[in-house]
Amino acid sequence: TGTMQAVSPLQTGWLLKKVRELPGNTNTVLVTHVPNISAAFAEIPPVDQGEALVFAPVPKGDPRFVGRIKIEEWPGF
């Protein structure tokens, strides 16, 4: 088994910056580890392994959290 590195403010800041970027004419998918998501989005209930958070872009503000896709729901997409 491996050890997970501690979450750094640099990682959390990068993740928040990327989620705030407007995607243009496409969707953006970011892949990271649960500790990074939990640190960046502490106001959202805990995320399970394999789960995705979905955000809607807001042109002049923070993105709006609109939902989550659980791992068992992925085959339907």
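Thr 12 has a relative accessibility of 12%, and because buried means under 20% relative accessible area, Thr 12 counts as buried in this predicted model. The residue sits in helix 1, and, when residues up to four places away in sequence are not counted, Thr 12 touches Val 7, Ala 39 and Ala 40.

**Overall layout**

The protein chain that holds Thr 12 has 2 helices and 2 strands, which follow the pattern α-α-β-β when read along the sequence. Its C-alpha trace spans about 40 × 35 × 20 Å along the principal axes. Of the 77 residues in the protein chain, 23% count as buried. If one takes the contacts in the protein chain between residues at least 6 apart in sequence, 30% of these contacts join residues at least 24 apart.

**The nonpolar core**

The largest nonpolar core is made up of 9 residues, namely Leu 15, Leu 16, Val 19, Ile 37, Ala 40, Phe 41, Ile 44, Val 47 and Leu 53. Helix 1, which runs over 9–20, and helix 2, which runs over 34–40, each supply at least two residues of this core, and the largest share, 3 residues, comes from helix 1. Within the core, Leu 16 is in contact with Ala 40 and Phe 41, once its neighbours within four places in sequence are left aside. Ala 40 is also one of the residues that Thr 12 touches.

**The largest pocket**

The largest pocket has a volume of about 820 Å³. Its lining is formed by 29 residues, and those that lie nearest the centre of the pocket are Thr 28, Val 29, Leu 30, Ala 52 and Leu 53; of these, Leu 53 is also listed in the largest nonpolar core. Helix 1, helix 2 and strand 1, which covers 52–56, each supply at least two residues of the lining, while strand 1 gives the most, with 5 residues. By kind, the lining residues divide into 18 nonpolar, 7 polar and 4 charged.

**Pro 23 in the loop**

Pro 23 is placed in the loop between helix 1 and helix 2, and its relative accessibility of 27% is the reason why Pro 23 counts as partly exposed. Leaving out residues up to four places away in sequence, Pro 23 touches Thr 28 and Pro 57, and Thr 28 is in turn among the residues nearest the centre of the largest pocket. Pro 23 and Ala 56 are 33 residues apart in sequence, and their C-alpha atoms are 9.7 Å apart in space.

**Salt bridges**

Side chains of opposite charge can pair when their charged atoms come close. A search of the whole structure finds 6 salt bridges, and the table sets out some of them, with the distance taken between N and O atoms.

| Salt bridge | N to O distance |
|---|---|
| Lys 18 and Glu 21 | 3.3 Å |
| Arg 20 and Asp 62 | 2.7 Å |
| Lys 70 and Glu 51 | 3.3 Å |

In the salt bridge of Lys 18 with Glu 21, Lys 18 is partly exposed, with a relative accessible area of 26%, and Glu 21 is likewise partly exposed, with a relative accessible area of 36%.

The side chains of Arg 20 and Asp 62 meet in another salt bridge. This pair links distant parts of the chain, 42 residues apart, since Arg 20 lies in helix 1 and Asp 62 in the loop between strand 1 and strand 2, which covers 64–69. Arg 20 is partly exposed, with a relative accessible area of 40%, whereas Asp 62 is exposed, with a relative accessible area of 51%.

The side chains of Lys 70 and Glu 51 also meet in a salt bridge. Lys 70 lies in the segment after strand 2 and Glu 51 in the loop between helix 2 and strand 1, so this pair ties together parts that are 19 residues apart in sequence. With 30% relative accessibility, Lys 70 counts as partly exposed, but Glu 51 is buried, with a relative accessible area of 10%. Salt bridges that share partners join Asp 48, Glu 51, Arg 68 and Lys 70 into one network.

How values were computed: Residues are numbered from 1 along each chain as its sequence is written. This is a predicted model: local features need pLDDT of at least 70, side-chain atom pairs count only at pLDDT 80 or more; totals for chains, interfaces and linings use all residues. Side-chain values use heavy atoms; hydrogens and water are left out. A nonpolar core is a set of buried Ala, Val, Leu, Ile, Met, Phe, Trp, Tyr and Cys residues joined through side-chain atoms within 4.5 Å. Buried means under 20% relative accessible area, exposed over 50%, partly exposed in between (1.4 Å probe, protein chains only). Helices (H or I, at least four residues) and strands (E, at least two) are DSSP runs, numbered from the N terminus. Contact means heavy atoms within 4.5 Å. On a 1 Å grid over the protein atoms alone, a cavity is a set of points where a 1.4 Å probe fits but cannot get out, and a pocket is an open set with protein on both sides within 12 Å along at least five of seven lines; lining residues have an atom within 4 Å of a point. Grid points are joined across faces, edges and corners, and a volume is the space filled by probe spheres set on the points. Ala, Val, Leu, Ile, Met, Phe, Trp, Tyr, Cys and Pro count as nonpolar, Asp, Glu, Lys and Arg as charged, and the others, Gly among them, as polar. A salt bridge is a side-chain nitrogen of Lys or Arg within 4 Å of a carboxyl oxygen of Asp or Glu.
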